[in-house]
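Hello,

Here is the structure I promised to pass on to you. Please open it beside this email, and then read on for what I found in it.

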Amino acid sequence: VNGARAGDHLFLHYSGHGSQQQDKDGDEMDGKDETLVPVDFQKSGMLSDDELRRLLVRDLPKGCRLTAIFDCCHSGTALDLPYRVLARNGDLLDVQKKPAHKMPQPCAGDVVMLSGCMDNQTSADAGVGLAGNTRPAGAMTTAFKLVVGKKPSASYHDVLIQMRQFLQKQGFTQVPQLSSEHFLKLSDCFMPEAQPAPSLPAAPTRPPVRKALTVGINYYTLVAGHGQLAGCINDSETMVGILRDTFGFQENEICRLRDDRSSMMPTKANILASLRWLTAGAQPGDELFFHYSGHGGQQQDTDGDEESGKDSTLIPCDFQSAGMIVDDELYEHVVEPLPKGVRMWVMMDCCHSGTALDLPFKVVVGPDGRSMSISRTRVRRGAPPESKAEVLMISGCKDNQTSADVAGMGAAKSAGAMTTAFRHCINQSISCEDLLLKMRDFLRRNRYAQVPQMSSEQYVQLDAPFAAYVAQPHNSRDLPAPAPPPRGASPAPRPMQAQSPPPHAATSPLPPGSPMMTAAAAPASPARRNRRDRRLAPCA
């Protein structure tokens with residue numbers, strides 16, 4: 001690593017004894033440091049993982065890649081790297097991050113380690129004949145040579161899974177481990193030289209634009225105390241302020257639907273028309289934002305794409321006549337049309353909203369409340385093709401939970417608990433992981449059982465800022481990516497479509513000339529913990 005600089009690729013292979021010794025600085029969850037055993041260990045001692053990290057990792061510069069292959073016992077965390085890849089249900093892999101209090105001093109360089117076994121396992125020597133070996137060799141090194149030799153461009157996912165499958169088939173119990181200094185996109189090539197040049201988004205035909213849609217529904221058509229909510233329109237107003245102050249949206253880039261204005265009514269048709277406006281003509285560089293505050297529900301899954309057997313739904317103000325909006329329909333309108341190079345944030349403050357967009361990646365917080373992993377759901381038959389856009393969603397609760405409509409928590413007016421937590425925690429620099437953890441902690445301290453969820457269309461880079469999210473590649477030897485092109489000064493265009501009413505700046509997509517109410521309808525009396533679910537009473 002001496003003299004390493006951006007663009008270098010360093011490769012370290014170790015095959016020999018590995019061991020463990022007592023952890024002295026309290027950075028190991030199992031209380032043991034992993035060690036390499038040099039030939040003079042009886043005289044000079046062993047090399048601990050802390051020493052290895054200091055020698056190999058700590059001072060590695062940004063843009064430099066170190067690949068480490070450790071074929072030895074007790075080697076799972078031999079470099080104390082923050083991220084590790086966990087297997088789940090066969091060929092599904094999760095990326096897990098260490099808890100913050102166990103994190104080592106961060107390194108700017110890109111480090112990837114493939115080790116022969118878990119910390120509590122031993123690695124085996126393999127005899128002559130395994131996979132064509134003419135001499136004895138390590139089982140792990142043999143498996144790595146076999147997989148990469150067959151396909152030099154094999155992905156992280158394929159290298160790890162195929163090595164494990166090979167060793168298991170040959171009767172070995174050791175389980176190879178994959179860990180990294182930065183977040184890994186598991187579909188990238190293990191060897192960066194084999195990574196094909198990234199396909200660039202289609203060249204935009206105009207400057208990038210920004211569009212935002214916020215929907216707040218208090219259900220004033222329902223009987224007070226039987227389905228009315230008090231805080232959803234307030235949530236929408238709160239979100240407009242956050243869009244301006246934190247995300248940098250302009251007033252004329254924000255479309256609003258709310259059921260206290262006759263020209264902004266959040267009917268099913270108007271919500272779907274507004275979503276079409278939001279995503280219509282999206283091009284690389286565009287930034288989109290969708291916020292919904294209102295009732296959420298569930299209904300029977302009719303196409304077999306839900307493990308729970310239930311589709312999540314949004315409930316428009318005219319649900320009794322027009323029906324609900326199911327998650328499949330939302331994905332079709334919100335995510336599917338987006339090309340590569342588009343960023344979208346989605347905030348769902350409603351019940352049963354954990355998987356309200358059916359996004360394939362989910363952030364999972366460990367039982368300790370601090371460690372995190374990214375879990376990929378199995379691709380289901382008949383599911384729509386995944387978009388290549390960056391889509392991040394925070395939802396108010398799990399699919400089997402309700403979200404609260406509350407008064408208090410420092411707010412002068414009724415509001416959604418999740419939107420309130422987001423308002424208290426969001427800033428321009430907070431990372432995705434810190435935002436989720438702080439929101440959960442805020443609600444827990446205020447005695448709310450709902451647990452906000454984060455999901456995404458691509459692997460989410462947990463250490464990236466949420467409000468300025470850009471996933472940085474960590475699998476290339478290139479210098480840092482250039483800054484994105486400047487945004488266009490002109491506001492987002494409002495397309496005119498014959499089949500649906502056109503949205504107009506800062507209002508809902510209703511026909512031109514609709515009367516605008518001069519005062520909001522009288523709000524219902526605030527209910528302390530009014531659930532935002534689908535059990536609604538008939539209209540008065």
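**What I found**

Two bridges join β3 to strand β4 (residues 47-48), and these two strands run antiparallel. One of the pairs puts T35 together with S48, its bridge partner in β4. Please keep in mind throughout that this is a predicted model.

On its other side, β3 is joined to strand β2 (residues 18-22) by five bridges, again antiparallel. Two of the facing pairs are easy to look up: G18 stands opposite L36 in β3, and the bridge partner of Q20 in β3 is E34. Put together, the three strands form an open sheet in the order β2-β3-β4, with antiparallel pairing. β2 and β4 stand at the edges with a single partner strand each, so one side of each is left without a neighbour in the sheet. And what about β3 (residues 32-36)? Four of its five residues are buried, so β3 is largely enclosed by the rest of the structure.

**The chain as a whole**

Stepping back for a moment, the secondary structure comes to 10 helices and 25 strands. The chain has 540 residues, and 54% of them are buried. It exposes about 23600 Å², of which carbon and sulfur atoms supply 53%. Of the contacts with a separation of 6 or more, 75% are between residues 24 or more positions apart.

**β5 and the loop after it**

How many of the residues of β5 are buried? Seven of the seven are, so this strand is largely enclosed by the rest of the structure. Both faces are covered: R65, T67, I69 and D71 are buried on one side, and L66, A68 and F70 are buried on the other.

β5 also has strands paired with it. Strand β1 (residues 9-15) pairs with β5 in the parallel sense over seven bridges, and Y14 has F70 as its bridge partner in β5. Strand β8 (residues 110-115) pairs with β5 in the parallel sense too, over six bridges. There, A68 has M113 as its bridge partner in β8.

In the loop between β5 (65-71) and β6 (83-88) you will find S75. Is S75 buried or exposed? Its relative accessibility is 1%, so S75 counts as buried. Leaving out residues up to four places away in sequence, S75 touches F70, M113, S115, G116, C117, M118 and D119. Two names there may look familiar: F70 is the partner of Y14, and M113 is the partner of A68.

**Three helices to look at**

The axes of helix α6 (residues 268-279) and helix α8 (residues 327-334) come within 9 Å and cross at roughly 35°. By class, the contact of α6 with α8 has four nonpolar, two polar and three charged residues. From α6 come K268, L272, L275, R276 and T279, which meet E329, L330, H333 and V334 in α8.

Within α8, the residues D327, L330, Y331, H333 and V334 are buried. What do the buried residues of α8 pack against? They pack against α6, and also against β16 (310-314), β17 (325-326) and β18 (343-349).

Helix α4 (residues 156-169) passes a simple length check. With 14 residues at 1.5 Å a residue, α4 should span 20 Å, and its end C-alpha atoms are 20 Å apart, which agrees. Its buried residues are Y156, V159, L160, I161, M163, R164, F166 and L167. Just after α4, G171 takes a positive phi of about 90°.

**One last residue: F361**

F361 is found in strand β19 (residues 361-365). With a relative accessibility of 4%, F361 counts as buried. Which residues does F361 touch, not counting those up to four places away in sequence? They are I374, S375, R376, M454, S455, S456, E457, Q458 and Y459. M454 is a good one to select together with F361: the two are 93 residues apart in sequence, and their C-alpha atoms are 8.7 Å apart in space.

Happy browsing, and do write back with any questions.

Best wishes

Definitions and conventions:
Residues are numbered from 1 along each chain as its sequence is written. This is a predicted model: local features need pLDDT of at least 70, side-chain atom pairs count only at pLDDT 80 or more; totals for chains, interfaces and linings use all residues. Side-chain values use heavy atoms; hydrogens and water are left out. The expected span of a helix is 1.5 Å times one less than its number of residues. Buried means under 20% relative accessible area, exposed over 50%, partly exposed in between (1.4 Å probe, protein chains only). Contact means heavy atoms within 4.5 Å. Accessible areas come from the Shrake-Rupley method with a 1.4 Å probe; for residues, only the protein chains shown count as cover. Two strands pair if DSSP finds at least two bridges between them. Axes are lines fitted to C-alpha atoms, for helices over the stretch in contact, and angles run from 0 to 180 degrees between N-to-C directions. Ala, Val, Leu, Ile, Met, Phe, Trp, Tyr, Cys and Pro count as nonpolar, Asp, Glu, Lys and Arg as charged, and the others, Gly among them, as polar.
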